[in-house]
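User: I'd like to understand how the labels on this model are earned. Could you take me through them one at a time?

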Amino acid sequence: MGLDQFMNCVSGNGKEYYWRKHARLQQFMSQKWAEQNPNTEPDGSFNLGFNGGDEPVKITPELLDEWEKQVEEDYYSCFAPDGFFWGQQFQEEQVKEYKEYDKEAIDWCKAMLEKGETVQYSCSW
């Protein structure tokens, strides 16, 4: 049991990115989900934000710019204060472990958006 995170093209083209218990990425994407869905309460329990069953986060060029900055700053402003199922107890290690993978995912997203694809992020915990 725990956080599984996915990023893919809605059309099914391209690859799928997968993370396991990357708490700070989830914190960032939860913030983006709340911005994209201002009048919607997430279905996630424990008040941790959106979860499977909620609309996915739509990846935009602006979101990618913000995400890129978060990766470079080790997600400094996306500390996960709780979230056992997210792996918040080892979030520092996950930031380091996933840094290059996050950069690769960002570059992939940019390429997919340039091709006119719709890219989304979803999670289940």
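User: Happy to start small. Why is R24 called buried?

Analyst: R24 has a relative accessible area of 5%, and buried means under 20% relative accessible area, with exposed over 50% and partly exposed in between (1.4 Å probe, protein chains only). The value of 5% is therefore on the buried side of the cut-off. A word on the source: this is a predicted model, where local features need pLDDT of at least 70, side-chain atom pairs count only at pLDDT 80 or more, and totals for chains, interfaces and linings use all residues. Residues are numbered from 1 along each chain as its sequence is written, and side-chain values use heavy atoms, with hydrogens and water left out.

User: What makes the pair of R24 and E92 a salt bridge?

Analyst: A salt bridge is a side-chain nitrogen of Lys or Arg within 4 Å of a carboxyl oxygen of Asp or Glu. For E92 and R24 the N to O distance is 2.5 Å, so the pair meets the definition. This pair links distant parts of the chain, with E92 in helix α3 and R24 in helix α1 (residues 23-36), 68 residues apart. Helices (H or I, at least four residues) and strands (E, at least two) are DSSP runs, numbered from the N terminus.

User: Is E92 buried or partly exposed, and how do you know?

Analyst: E92 counts as partly exposed because its relative accessibility is 42%, which falls between the two cut-offs.

User: What does the salt bridge of D4 tie together?

Analyst: The closest N and O atoms of D4 and R20 are 3.0 Å apart. D4 lies in strand β1 (residues 4-9) and R20 in strand β2 (residues 17-20), so the pair ties together parts that are 16 residues apart in sequence. R20, at 30% relative accessibility, counts as partly exposed.

User: Which residue forms a salt bridge with K103, and how do you know that it qualifies?

Analyst: The partner is E72, with the closest N and O atoms 3.5 Å apart, so the pair is within the 4 Å limit. K103 sits in helix α3 and E72 in helix α2 (residues 61-72), 31 residues apart. K103 is partly exposed at 27%, and E72 is partly exposed at 48%. Elsewhere, K32, E35 and E66 are linked in a network of salt bridges, and the structure holds nine salt bridges.

User: Why does D102 have no salt bridge?

Analyst: The nearest side chain of opposite charge, K99, is 8.7 Å away, so D102 has no partner within the 4 Å limit. Here Lys and Arg count as positive and Asp and Glu as negative; His and the chain ends are not counted. D102 is buried and its place is in helix α3 (residues 91-114). Leaving aside residues up to four places away in sequence, D102 touches W19, H22, W67, V71 and Y75, where contact means heavy atoms within 4.5 Å.

User: What makes the protein as compact as a globular protein of its length?

Analyst: The radius of gyration is 13 Å, close to the 14 Å that the globule rule gives for 125 residues, so the protein is as compact as a globular protein of that length. That radius is taken over C-alpha atoms, and the rule is 2.2 Å times the number of residues to the power 0.38. The C-alpha trace spans about 35 × 30 × 25 Å along its principal axes.

User: And what is the overall fold pattern?

Analyst: The protein has three helices and four strands, in the order β-β-α-β-α-α-β along the sequence. Buried residues make up 45% of the 125 residues.
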